[in-house]
Amino acid sequence: MKNLLSIFTIGVACVVFAQENKKTDNYAIAMGLQNQHLSKSMSINVDWNNTIGKIKELHGVNNSPVVHNKLMPEFHEAGIPYVRTHDTYGRFGGNVYIDIPNIFRNFDANPDDPTSYDFAFTDEYLKSVVKSGSKIFYRLGVTIENYHKIKAYNIYPPKDNLKWAKICAGIIRHYTQGWANGFKYDIQYWEIWNEPENPMMWKGSRKEFFEMYKVASKYLKKEFPNIKIGGFGHCGFFEITRPLNECPTKGLDVLDWFHEFIEMVADKNDPLPLDFFSWHLYTDNPKELGIHAEYVRKSLDKLGLTHVENINNEWNYSLGARFGIIRKNHIGASMCAATMCIMQQGSLDKAMYYDATPTRGYCGIYNFPEMTLTKTYFVFKAFNELYKLGTAVKTTDRKDKEVYAIASIDKKTGNKAILAVNYSPNQQRVKFNFEGQPTSVVVINEDYTFTELNYFLLKNKVATLPPYTVLLIKVK
């Protein structure tokens, strides 16, 4: 999807480059010295007694730095819950990682014979993911082939769907049951393919993909009843929020793919395994992701698929590679924080940001080649502080403002935290209403990167947030 999409921005994109060059005296604003120019405060209310479930696993990512059997301390520190293995190590999966053709190099070989598999590099890569405290979200399929018009290699339908399923079973056994000198990792999620609507990912028909999913999902669920089988990494639901002529997926019939797929799964005469439905969105507008998540949830529920998890496993700022710098700076960071707030408050179950490979244009986590951590990375770290507390609590705010907030509490210790975001080009004056006193205010914005600046929350719990600012507020 990444390279299929044309450059398209929503909302704040028109002011991005002006804001890049605009310098603001954040200290003066924070101390209230410019309050005479501000409008009336908006309010954010936090009710610690009104618990509303768990803080979700929303700070997952696709991929990581490709290191072999080494701890990635930055992943451990940010508590990255899941690493999805799609497009690992670039074109064709680096010819040795993750993809079915890289692990099972001769489709005519015997899938029951351990010598038919080449796990070497994938083993070493996944050791690093597990050592760093993340779980694996394994994509069964192939890497996107951006130059498929010259020649496509691995994106054709399998010659034999059942054999393809048996090959997948060999991979699952290796990583979860120790087969073929393997491992007993707790890998719950196994995703069948990615974006089959995308001609860079699938050279077959819709019918051929559905048949492959039918055969593979039934076989794998029979062999491994305790794992979660799903798919299919849908290209996205742009058509429900954008004019058709502005949809990057125009002409791909993406809504038909979705509805026909879930209707097939829900067929009472021949129901199929589907533990999760995965889909993608690249946007500048966090609210758009919330609308799409609700669309997926309602569509699944309407067919009785209430048990199916709703997972967005590719999301990021905007669409085009030219926005790479924004993905790493305060604008991209605040967009990520706002999106996490929307996802936490909505019907999504899990999320995985695309991408955490340092060399990739869609990576907002690292500066390359310096390998320093970006402002966006520290949003993931900030969200993890709420995640560690465990329990979400009710927050209310003005929906017409571009200020978002979520909060959590540890029921045992009483520790509390709030994540508040101004995702707009304007400063915002905010009155926080909550019991207790702030003990720490950490700031991420143009001038600060995860810096404790307690003056941002002034007397009476009022803060003036500069444009594109994230606050992590700890409370006792």
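Me: How much surface does the protein expose, and what share of it do carbon and sulfur atoms supply?
Reply: Happy to start there, and keep in mind that this is a predicted model. The protein exposes about 18,700 Å². Of that area, the share supplied by carbon and sulfur atoms is 50%.

Me: What percentage of the residues in the protein are buried?
Reply: A residue counts as buried when its relative accessible area is under 20%. The protein has 476 residues. The buried ones make up 59%.

Me: Which helix gives the largest share of the largest nonpolar core?
Reply: Good one! In soluble globular proteins, nonpolar side chains tend to be buried together. Here the largest nonpolar core has 117 residues, and Y138, Y175, W190, Y213, F261, F277 and W315 touch the most other members. Ten residues of this core, its largest share, come from helix α11.

Me: How many residues are in the other core, the one with F432?
Reply: This core lies apart from the largest one. Among its members are F432, Y455, F456 and L457. Its residues number 25.

Me: Which strand holds F232, the residue joined to G231 by a cis peptide bond?
Reply: The bond from G231 to F232 is cis, with omega near -5°. Both G231 and F232 are also among the residues that F277 touches. As for its place, F232 lies in residues 228-234, which form strand β6.

Me: Where is D355, which a cis peptide bond joins to Y354?
Reply: Omega of the bond between Y354 and D355 is about 25°. To place D355, look at the strands β9 (350-353) and β10 (366-367). D355 is found between them, in the loop.

Me: Is K461 buried or exposed?
Reply: Start with the backbone: K461 has a positive phi of about 60° although it is not a glycine. K461 is found in the loop between β17 and β18. Its relative accessible area is 15%, and the cut-off is under 20%, so K461 counts as buried.

Me: What does F450 count as, with a relative accessible area of 22%?
Reply: F450 is in strand β17, and its phi is near 55°, a positive value in a residue other than glycine. Buried means under 20% and exposed means over 50%. Because 22% falls in between, F450 is partly exposed.

Me: How many nonpolar residues line the second largest cavity?
Reply: The structure holds two cavities of 30 Å³ or more, and about 40 Å³ of space lies in the second largest. Its lining is V61, F75, I80, A356, I365, Y377 and F380. No polar and no charged residues are among them, and the nonpolar ones number seven.

Key:
Residues numbered from 1 in each chain as written. Predicted model: local features only at pLDDT ≥ 70, side-chain atom pairs only at ≥ 80, totals over all residues. Heavy atoms only, no water. Core = buried A, V, L, I, M, F, W, Y, C linked by side-chain atoms within 4.5 Å. Buried < 20%, exposed > 50% of the residue type's maximum accessible area, 1.4 Å probe, protein only. Helix = DSSP H or I, 4+ residues; strand = E, 2+ residues; numbered from the N terminus. Contact = heavy atoms within 4.5 Å. Areas by Shrake-Rupley, 256 points an atom, 1.4 Å probe, with all protein chains shown as cover. 1 Å grid on protein atoms, 1.4 Å probe; cavity = no way out; pocket = protein on both sides within 12 Å on 5 of 7 lines; lining within 4 Å. Points joined across faces, edges and corners; volume = space filled by probe spheres on them. Nonpolar A, V, L, I, M, F, W, Y, C, P; charged D, E, K, R; others polar. Lists of a residue's contacts leave out its neighbours within four places in sequence.
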